[in-house]
Amino acid sequence: NTFGSAEVNGIINVIDPLRVTVTPKKLKTGIGSTVILSCSVTGSPEYVIRWYRDTELVVPDSYISIRGINNETLLITSAQKSHSGAYQCFATRKSQTAQDFSIIVLEDGTPRIISSFSEKVVNPGEQFSLMCAAKGAPPPTLSWTLDDELITRDSGHRTNQYTMTDGTTISHMNVTNPQIRDGGVYRCAARNL
């Protein structure tokens, strides 16, 4: 008497859990800037990416586009104040979802003087230096005037200007061998047009 046999075959797929990383984590920039967010997804393939801003699905428009093979890049051109917010990247595969977020803060980019020189009294021939610092987005260019006349660089008047990593622009007006005509009202102006 034969009892027989039975067999069952099955395939088991082991998939890595999804992990999502959005970069940059926080971005503070000026109105009119270009903002690029990247969503990196690790784990098993075949996922779908969706972008949200403040819990609302991001819909591409004349400012916002979503790019990449898997929609992994969110691009905002000529960013407006209304584009500020928390951006989330959701990756979904069947019943599995993972997400990460980035905070975008868009500031009015109007330049503002954050530090400047104080009144000085100097003797003829006694060199002096004036410093001015400004912030804005994009970083501003600084110019100098003396009694409302633009100061041109010459052997007695030298300026240098540089932008720090935090976006602050610093300018120095150096006057060597000043004469009576170099006295007056010095003014530093910031522009980022």
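Begin by selecting strands S1, S3, S7 and S6, which form, in that order, an open four-stranded sheet with antiparallel pairing. Strands are DSSP runs of E, at least two residues long, numbered from the N terminus, and two of them pair if DSSP finds at least two bridges between them. Strands S1 (19-23) and S6 (64-67) stand at the edges with a single partner strand each, so one side of each is left without a neighbour in the sheet. From one strand to the next, the twist averages 15 degrees; the axes behind such angles are lines fitted to C-alpha atoms, and angles run from 0 to 180 degrees between N-to-C directions.

The model is predicted: local features need pLDDT of at least 70 and side-chain atom pairs count only at pLDDT 80 or more, while totals for chains, interfaces and linings use all residues. Residues are numbered from 1 along each chain as its sequence is written, and side-chain values use heavy atoms, with hydrogens and water left out.

**First sheet, closer view**

Remain with S1 and S3, which pair in the antiparallel sense over five bridges. Select Thr23 and then Ser38, its bridge partner in S3.

**Second sheet**

Next, select S2, S9, S8, S4 and S5. These five strands form an open sheet in that order, and the pairing is mixed. Here the edges are S2 (26-30) and S5 (56-57), each with a single partner strand, so one side of each has no neighbour in the sheet. Within this sheet, S4 (residues 48-53) and S8 (residues 85-93) run antiparallel and are joined by six bridges. For a point of reference on this pair, select Tyr52, which stands opposite Gln88 in S8.

**The disulfides**

Now display the cysteines. How many disulfides does the rule give? With a disulfide taken as a pair of cysteine sulfur atoms within 2.5 Å, the count comes to two. With bonded cysteines counted along the chain, the pattern is 1-2, 3-4.

Select Cys39 and Cys89, whose sulfur atoms lie 1.8 Å apart in a disulfide. This pair links distant parts of the chain, since Cys39 belongs to strand S3 (residues 35-42) and Cys89 to strand S8, 50 residues apart. The torsion about their S-S bond is about -75 degrees, so this disulfide is left-handed. Buried means under 20% relative accessible area, exposed over 50%, and partly exposed in between (1.4 Å probe, protein chains only). Cys39 counts as buried at 6% relative accessibility, and Cys89 is buried at 0%.

Move on to Cys132 and Cys188, joined by a disulfide with an S to S distance of 2.1 Å. Cys132 lies in strand S11 (residues 128-135) and Cys188 in strand S16 (residues 186-191), so the pair ties together parts that are 56 residues apart in sequence. A torsion of about -85 degrees about the S-S bond makes this disulfide left-handed. Cys132 is buried at 1% relative accessibility, and Cys188 is buried at 14%.

**The nonpolar cores**

A nonpolar core is a set of buried Ala, Val, Leu, Ile, Met, Phe, Trp, Tyr and Cys residues joined through side-chain atoms within 4.5 Å. Which residues touch the most other members of the largest core? Select Val20, Cys39, Val41, Trp51 and Leu74, which do so among its 21 residues. At least two residues of this core are supplied by each of S1, S3, S4, S7 (73-76), S8 and S9 (96-107). The largest share, four residues, comes from S3.

Centre the view on Val41. Leaving aside neighbours within four places in sequence, Val41 is in contact (heavy atoms within 4.5 Å) with Leu18, Arg19, Val20, Tyr47, Ile49 and Ala91. A second, separate core has twelve residues, including Leu142, Trp144, Leu146 and Val175.

**Strand S12 and a hairpin**

Select Thr145 in strand S12 (residues 141-146). Is Thr145 buried or exposed? At 16% relative accessibility, Thr145 counts as buried. Its contacts, apart from neighbours within four places in sequence, are Leu150, Ile151, Val185, Tyr186 and Arg187.

Finish at strands S14 (residues 157-163) and S15 (residues 169-175), which run antiparallel and are joined by seven bridges. Select Asn160 together with its bridge partner His172 in S15. The hairpin of S14 and S15 has five residues between the strands, and Gly167 there takes a positive phi near 95 degrees.
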